[in-house]
Amino acid sequence: MTSDHDQTLNEVHKQHMKQQQAAHRNRMKQKKKTDRGLLLVHTGHGKGKSTAAFGTVARALGWGWKVGIVQFIKGKWKTGEKQFFSRFDEQVTLRIMGEGFTWDTQNREQDIRAAHAAWSVGVEMMTSGAYQLVVLDELNIVLRYNYLPHDEVIAALLNRHPLCNVIATGRDAPATLLAAADQVTEMKNIKHPFEAGIKPVRGIDF
Ligand code: ATP
Ligand code: MG
């Protein structure tokens with residue numbers, strides 16, 4: 001049996017939720033559906049930038065979208081995302097264009113060539129009109145090292161096909177990219193197993 005006290009709490013809760021619903025409906029009324037694709041940036045030093053991008057890819061695939069993914073840094077090694085997206089070869093084009101981590105390649109000129117090759121694949125995807133979502137994984141890193149001219153990159157992002165959504169990931173996204181973006185999310189590191197001496201984990205980190 002509900003006590004008088006609980007009944008009062010329930011009634012107060014209901015009134016409070018009614019007010020929230022009215023406020024939410026009112027806010028939604030003032031918003032409009034977008035008629036263009038958005039530019040999303042995932043940056044910061046915490047884990048989850050690429051992970052969140054791949055989560056969005058899952059949503060996009062669910063709606064039957066075509067998705068392009070360019071990986072700027074990751075080399076040819078086996079990753080969970082690569083194995084998974086290969087099951088969707090009609091919907092997903094995954095281009096792994098990196099030569100590996102910059103500290104492994106140790107070759108600036110080779111990295112710059114790889115960045116340019118990856119970028120032209122990304123531009124092709126963004127302008128073709130075939131892809132509703134394009135993920136430029138670790139583009140921010142490539143910009144941070146100045147492997148690509150910032151103004152050209154920003155211009156191409158802004159001149160993409162109007163219906164193409166883009167996610168750019170990577171630490172230290174430059175201010176010019178933040179300014180051009182519709183959404184910027186900063187992943188903040190609170191704790192990471194790496195700091196406790198744990199190696200990257202299959203299925204979680206790659
Ligand atoms: P993920 O690809 O796992 O979503 P991310 O895109 O946020 O991570 P990156 O900068 O691309 O982060 O890092 C790639 C690798 O570095 C991943 O294995 C990730 O777990 C690890 N990493 C991310 N953040 C940290 C951190 N704060 N300390 C140590 N390692 C990290
Ligand atoms: Mg990443």
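**Entry 1: the whole chain**

Contact means heavy atoms within 4.5 Å. With that in hand, I looked at this predicted model and asked how far apart in sequence the touching residues are. Among contacts between residues at least 6 apart in sequence, 79% join residues at least 24 apart.

Next I counted the elements and found eight helices and six strands in the protein. Reading along the sequence, I wrote down the pattern α-β-α-β-α-β-α-α-β-α-α-β-α-β. I then looked up the radius of gyration: it is 21 Å, well over the 17 Å that the globule rule gives for 206 residues, so the protein is more spread out than a compact globule. Taken along the principal axes, the C-alpha atoms fill a box of roughly 75 × 45 × 35 Å. I also noted that buried residues make up 37% of the 206 residues.

**Entry 2: the sheet**

In what order do the six strands lie in the sheet? I traced S3-S2-S4-S5-S1-S6, an open sheet with parallel pairing. Strand S3 (92-96) and strand S6 (183-187) stand at the edges with a single partner strand each, so one side of each is left without a neighbour in the sheet. On average, neighbouring strands are turned by 10 degrees against each other, direction ignored.

A reminder to myself: strands of a sheet pair through backbone hydrogen bonds, either parallel or antiparallel.

**Entry 3: a closer look at S2**

I picked strand S2 (residues 67-71) and followed its pairing with S3, which is parallel and runs over five bridges. Here Val70 stands opposite Arg95, and the bridge partner of Gly68 is Thr93. S2 also pairs with S4 in the parallel sense, over five bridges. In S4, Leu136 is the bridge partner of Val70, so I can find Val70 between two partners: Arg95 in S3 and Leu136 in S4.

Is S2 enclosed or open to the outside? Five of its five residues are buried, so S2 is largely enclosed by the rest of the structure. I checked both faces: Val67, Ile69 and Gln71 are buried on one side, and Gly68 and Val70 are buried on the other.

**Entry 4: helices on the sheet**

Which strands does helix H5 (residues 108-128) lie across? I found S2, S3, S4 and S5, with the helix running at about 165 degrees to S2.

**Entry 5: the magnesium ion**

I then turned to ligand 2, a magnesium ion, and looked for its protein donors. They are Ser50 (OG) and Glu138 (OE), lying 2.0 to 2.4 Å from the ion. The pair links distant parts of the chain: Ser50 is in helix H2, while Glu138 is in the loop between S4 and helix H6 (139-144), 88 residues apart.

Are these donors buried or exposed? The cut-off for buried is under 20% relative accessible area. Ser50, at 14%, counts as buried. Glu138 has a relative accessible area of 17%, and it is buried too.

**Entry 6: the nonpolar cores**

Before looking, I recalled a general tendency: in soluble globular proteins, nonpolar side chains tend to be buried together.

The largest nonpolar core here has 33 residues, and the members that touch the most others are Phe72, Trp119, Leu136, Leu139, Leu148, Leu157 and Leu177. The elements giving two or more residues to this core are S1, H5, S4, H6, helix H7 (150-158), S5 and helix H8 (175-180). H5 gives the most, with seven residues.

I followed Leu139 outward, leaving aside its neighbours within four places in sequence. Leu139 is in contact with Phe72, Trp119, Leu148, Val153, Ala168 and Thr169. Apart from this core lies another, of 13 residues, with Phe54, Ala60, Ile69 and Ile167 among them.

**Entry 7: one residue, Val41**

My last stop was Val41, which lies in strand S1. Its relative accessible area is 0%, so Val41 is buried. What does Val41 touch, not counting residues up to four places away in sequence? My list reads Asn140, Ala168, Ala173, Leu177, Leu178, Ala181, Gln183, Val184 and Thr185. Of these, I checked Leu178 against the sequence: Val41 and Leu178 are 137 residues apart along the chain and 7.2 Å apart in space, C-alpha to C-alpha.

Technical notes: Residues are numbered from 1 along each chain as its sequence is written. Chains are lettered from A and ligands numbered from 1 in the order in which they are written. This is a predicted model: local features need pLDDT of at least 70, side-chain atom pairs count only at pLDDT 80 or more; totals for chains, interfaces and linings use all residues. Side-chain values use heavy atoms; hydrogens and water are left out. Two strands pair if DSSP finds at least two bridges between them. Helices (H or I, at least four residues) and strands (E, at least two) are DSSP runs, numbered from the N terminus. Axes are lines fitted to C-alpha atoms, for helices over the stretch in contact, and angles run from 0 to 180 degrees between N-to-C directions. Donors are N, O and S atoms within 2.8 Å of the metal (3.2 Å for Na, K and Ca); water is not among the atoms, so sites may look incomplete. Buried means under 20% relative accessible area, exposed over 50%, partly exposed in between (1.4 Å probe, protein chains only). A nonpolar core is a set of buried Ala, Val, Leu, Ile, Met, Phe, Trp, Tyr and Cys residues joined through side-chain atoms within 4.5 Å. The radius of gyration is taken over C-alpha atoms; the globule rule is 2.2 Å times the number of residues to the power 0.38.
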